[in-house]
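Visitor: I'd like to learn how to read a structure like this one. Could you walk me through it?

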Amino acid sequence: MTSEVVEDEMEFYSKAEKYWKDVPPTVDGMLGGYGHISSIDINSSKKFLLKFLRDGPNRTGTTCALDCGAGIGRITKRLLLPLFKAVDMVDVTEDFLTKARTYLGEEGRRVRNYFCCGLQDFSPEPNSYDVIWIQWVIGHLTDDHLSDFLKRCKVGLRPNGIVVIKDNMAQEGVIMDDVDSSVCRDLDVVRMIVRRAGLNLLAEERQENFPDEIYHVYTFAMR
C-alpha cells in the first residue's frame, strides 16, 4: 500500500511536479531516456485497443478519448488521434502541454482541451469519453487518490466505453522511487484498487519486447 511508503502526501505530489518541470519536453524525456521503445509501445497498445473498437454489438465508440498524464502528446499523436475523432489531454506540467501544440502538428486541431491538472484533482466530464487512456502515471497517485480517480473515470465513460491503464508492475508489493517521487505497485495491488473503484477488468496483457532491465509493463481494460 502506498500509505506504507508515502510519508508526506503533499511532499509526494510537490516533488513529482518539481521533477517533471525539469524534464525536457521530448519523447525521450517522456520515456525517461527510453525513447527508442516508443514504437513498440504504441504498436502493442493499438493492437490491444482495436480489440474493443472492432465491429460488434458492444463495440467501444471512436468519438472522443482522454489521454491522462499526456505529457507532450506522444500517445495522443500516435495512438489516439489516428483512431478517435477528438481527444482531450490532461497533464500536470504546463510546459508539456504548450509543447504539445506544436508537437502534434496539423492533426492537433482535433485536440479539444488541454487540461493542466494533477489527476488527483481532475474529474472527467460525465458521459464524455469512449476511451480514457492512463499510461505511466498511476504511480504518481496514492492508492486512495487512484481509486477515487478511477471512480470519476467510470462516470466519464460513454456507453461501452473503457478505461485503460498501462503501467509498470513491481514483482511484489509497492516500491518507492525517490527520484521522480512515484510508486510502482504489483499486479495484485493494482487489481485490488480497480475492484475498489467499482470497475470490472475486461482484459489484461503483458507488454512484450521491452528491454529486460525495466519493470514488466501490463495493460488493463476495465469499465
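Guide: Happy to. Keep in mind that this is a predicted model. Let's begin with contacts along the sequence: among those with a separation of 6 or more, 69% are between residues 24 or more positions apart.

Visitor: What secondary structure elements are in the chain?

Guide: The chain has eight helices and nine strands.

Visitor: How does the radius of gyration of the chain sit against that of a compact globule?

Guide: You take the chain length and ask what a compact globule would give. For 223 residues that is a value near 17 Å, and the chain has 16 Å, so the two agree. If you prefer a box, the C-alpha atoms fill one of roughly 45 × 35 × 35 Å along the principal axes.

Visitor: And what share of the residues is buried?

Guide: A residue is called buried when its relative accessible area is under 20%. In this chain, 51% of the 223 residues are buried. As for the surface, the accessible area comes to about 10700 Å², and carbon and sulfur atoms hold 48% of that.

Visitor: Let's turn to charges. How many positive and negative charges does the chain have, and how far apart are their mean positions?

Guide: There are 28 positive and 35 negative charges, with their mean positions 10 Å apart.

Visitor: How many salt bridges are there?

Guide: The idea is to look for a side-chain nitrogen of Lys or Arg within 4 Å of a carboxyl oxygen of Asp or Glu. That gives 13 salt bridges here. One of them pairs lysine 166 with aspartate 41, at 2.7 Å from N to O. Lysine 166 sits in strand β5 (residues 157-169) and aspartate 41 in helix α4 (residues 38-53), so to speak distant parts of the chain, 125 residues apart.

Visitor: Are those two partners buried or exposed?

Guide: Lysine 166 has a relative accessible area of 1%, so lysine 166 is buried. Aspartate 41 is at 0% and therefore counts as buried too.

Visitor: Which salt bridge does arginine 158 make?

Guide: The side chain of arginine 158 meets that of aspartate 130, at 2.9 Å from N to O. Aspartate 130 belongs to strand β4 (residues 129-135) and arginine 158 to strand β5, so this bridge ties together parts that are 28 residues apart in sequence. Check the burial of each partner separately. Aspartate 130 counts as buried because its relative accessibility is 1%, whereas arginine 158, at 29%, is partly exposed.

Visitor: What does arginine 191 pair with?

Guide: Arginine 191 forms a salt bridge with glutamate 204, and their closest N and O atoms are 2.8 Å apart. This pair links helix α8 (residues 187-196), home of arginine 191, with strand β8 (residues 201-206), home of glutamate 204; the two residues are 13 apart. Arginine 191 is partly exposed at 23%, and glutamate 204 is partly exposed at 35%.

Visitor: Which residues are joined into one network by salt bridges that share partners?

Guide: Asp41, Arg74 and Lys166 are.

Visitor: Let's finish with a loop residue. Where is threonine 142, and what does it touch?

Guide: Threonine 142 is in the loop between β4 and α7 (143-156). With 6% relative accessibility, threonine 142 counts as buried. Leaving out residues up to four places away in sequence, threonine 142 touches Thr2, Glu9, Phe12, Tyr13 and Arg185.

Definitions and conventions:
Residues numbered from 1 in each chain as written. Predicted model: local features only at pLDDT ≥ 70, side-chain atom pairs only at ≥ 80, totals over all residues. Heavy atoms only, no water. Helix = DSSP H or I, 4+ residues; strand = E, 2+ residues; numbered from the N terminus. Rg over C-alpha atoms; globule rule 2.2 N^0.38 Å. Buried < 20%, exposed > 50% of the residue type's maximum accessible area, 1.4 Å probe, protein only. Contact = heavy atoms within 4.5 Å. Areas by Shrake-Rupley, 256 points an atom, 1.4 Å probe, with all protein chains shown as cover. Lys, Arg positive; Asp, Glu negative; His and termini not counted. Charge placed at Lys NZ, Arg CZ, Asp CG, Glu CD.
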